[in-house]
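Good morning, and thank you for making the time. I would like to walk through one structure with you, strand by strand, and then turn to some individual residues.

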Amino acid sequence: MYERLEKCPSCQHLQFDNFLICEDHSVTRESFALVKCRNCNLVFTNPRPDSVELGKYYQSDNYISHTDKAKTPIQLIYKLVRSYTLRKKSKLIQPYKSAGMVLDYGCGTGDFLRMLESKGWSTIGIEPDEGARRLAKRKVSGSIVDSLKKIESDTKFDVITAWHVVEHISDLKETLKLIRKKLKKGGHLVVAVPNLNSFDATHYREYWAAYDVPRHLYHFSQDSFLALANGLKLKVKKILPMKFDSYYVSMLSEKYRSGKNNFIKGFLMGMKSNSKASKSGEYSSLIYILKK
Ligand SMILES: [Zn+2]
C-alpha cells in the first residue's frame, strides 16, 4: 500500500509544492514524486510505500549496506575506501567522549562498531535487516538489536550515530524523539545525510543517485535539516563534509543517466562537486553534530 502524507513530516505544515519526479533506478524502476514543504523546505517522497510495503524495495542483492560483498565495480570502489572512511568517522566522534557508550542507529554489517570497540567504546547497534544483523553480530561484542524498543529503558548514550539512515525512517519525528531520549544530557547525535543543494545533486537532477527513491523518504538541505533539529530541541554544533560521497554518488548517477558505467566522468564530477563545495559548504553529503 502507498500512503500520502497530508502534513510535512518535520514541521506539520499542510502545503507543499511539486519538486521533482524520480525513478527507482536500483530495484523496481517505479517513479515517485518528491514534494517540498512551503514552510520548512523539507523535500520528501510523497506518496510513498507504507512501512510494510517498503521492505520489498530493499530486496535487492545489490543493496550495499546489507552485504559485505562487492558485486559491481562501483561497489568495489565503495568497499576499498570504506576502511579509510571508517577511520575518519571514528576520529570524528573521539572529541565528544574518548570512550563512552555509543549507539549506532542503522549499523549495517557492524564495521563502524567494531572499530569503536577497538578504541575502548561500549557499543550497541540497531539494524532492521536480518542478514546484516547476523553479519554484525559476528564482528561486534556489544548487542545488535532490530529496534530502539529492544534497548533497556535506563540505558543512555554519550554518542548516537546515524550514518545515512535518517532519510530511511518512516516515522521520522517519533523515532528522532526516542533517539533524543536515549542521549545523556550533553550527549551528541551525529547524523549524516545527502545534501540536495550540492553541485552533484543539481547537476544530475532526477538521476542523482542520492535521491534513491523510495528508500530515501526525506531529502535534506541545510535549512530543512536545521529546522528539523530545532523542532527536536537539539543544538547544531558543527556541520562537516563527507568528501567521498560525491565520487560514489556521481559514478552511480552517471550510470543511471547513461545506462552504463563511466568512472572517469563520475570521478571528475565528484572532484568538481567537492571543489565547488570548498567555497559554498554544500558538499554531496553533510555530517551534522547535534548536542542535547
Ligand atoms: Zn515542513
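Let me begin with a single pair: D104 stands opposite G125 in β7. Please keep in mind throughout that this is a predicted model. The pair belongs to a parallel pairing of β6 and β7, which extends over five bridges. Between these two strands the chain passes through α2, and the resulting β-α-β crossover is right-handed.

On its other pairing, β6 meets β9, again in the parallel sense, over three bridges. Here L103 stands opposite I160 in β9. Is β6 mostly covered or mostly open? It is mostly covered, since four of its five residues are buried.

We can now place these strands in their sheet. It is an open sheet of seven strands, ordered β8-β7-β6-β9-β10-β13-β12, and its pairing is mixed. Which strands stand at the edges? They are β8, residues 143–145, and β12, residues 235–241; each has a single partner strand, so one side of each is left without a neighbour in the sheet. From one strand to the next, the twist averages 15°. Helix α2, residues 111–118, packs on this sheet and touches β6 (101–105), β7 (122–126) and β9 (157–163). The direction of α2 makes about 175° with that of β7.

Let me move along the order to the antiparallel part. Strand β10, residues 183–194, runs antiparallel to β13, residues 285–291, and seven bridges join them. Two of the partners in β13 may be named: V190 has I289 as its bridge partner, and L189 has L290. As a general remark, side chains in a regular strand alternate between the two faces of the sheet. Strand β13 is also joined to β12, by six bridges, and these two run antiparallel as well. In that pairing, the partner of K238 is I289. Residue I289 thus serves as bridge partner both to V190 and to K238.

I turn next to the interior. How many residues does the largest nonpolar core have? It has 70, and those with the most contacts inside it are I160, L189 and V191. The largest share of this core comes from β10, which contributes six residues. For I160, the contacts beyond four places in sequence are L103, Y105, I179, K182, L183 and L189. Two of these names have already come up: L103 is the residue opposite I160 in the β6 and β9 pairing, and L189 is another of the residues with the most contacts in the core.

There is a further sheet to describe. Four strands form an open sheet in the order β2-β3-β4-β11, with antiparallel pairing. Its edge strands are β2 (16–23) and β11 (218–219), each of which pairs on one side only. Within it, β3, residues 31–37, is joined to β4, residues 43–45, by three bridges.

A useful residue to follow here is L34, which is found in β3. Its bridge partner in β4 is T45. Why does L34 count as buried? Because it has 22 C-beta neighbours inside 10 Å, and the cut-off for a buried residue is 20 or more. Setting aside neighbours within four places in sequence, L34 is in contact with F19, L20, C22, V43, F44, T45 and H219. For a sense of distance, L34 and R180 are 146 residues apart in sequence and 27 Å apart in space, C-alpha to C-alpha.

Finally, some backbone features that may deserve a look. A cis peptide bond joins N46 and P47, with omega about 0°; P47 is in the loop between β4 and β5. Another cis peptide bond joins V213 and P214, with omega about -5°, and P214 is in the loop between α5 and β11.

That loop also holds D212. Phi of D212 is near 35°, a positive value in a residue other than glycine. D212 is buried, with 23 other C-beta atoms within 10 Å. H164 likewise has a positive phi, of about 55°, although it is not a glycine. H164 is in the loop between β9 and α4. With 19 C-beta neighbours inside 10 Å, H164 counts as partly exposed.

Thank you; I would welcome your questions.

Technical notes: Residues are numbered from 1 along each chain as its sequence is written. This is a predicted model: local features need pLDDT of at least 70, side-chain atom pairs count only at pLDDT 80 or more; totals for chains, interfaces and linings use all residues. Two strands pair if DSSP finds at least two bridges between them. Axes are lines fitted to C-alpha atoms, for helices over the stretch in contact, and angles run from 0 to 180 degrees between N-to-C directions. Two residues are in contact if their C-beta atoms, placed from the backbone, lie within 7 Å. A residue is buried if 20 or more other C-beta atoms lie within 10 Å of its own, exposed if 12 or fewer, and partly exposed in between; C-beta atoms are placed from the backbone. A nonpolar core is a set of buried Ala, Val, Leu, Ile, Met, Phe, Trp, Tyr and Cys residues joined through C-beta atoms within 7 Å. A crossover is right-handed if, with the strands pointing away from the viewer, the path from the first strand over the helix to the second runs clockwise.
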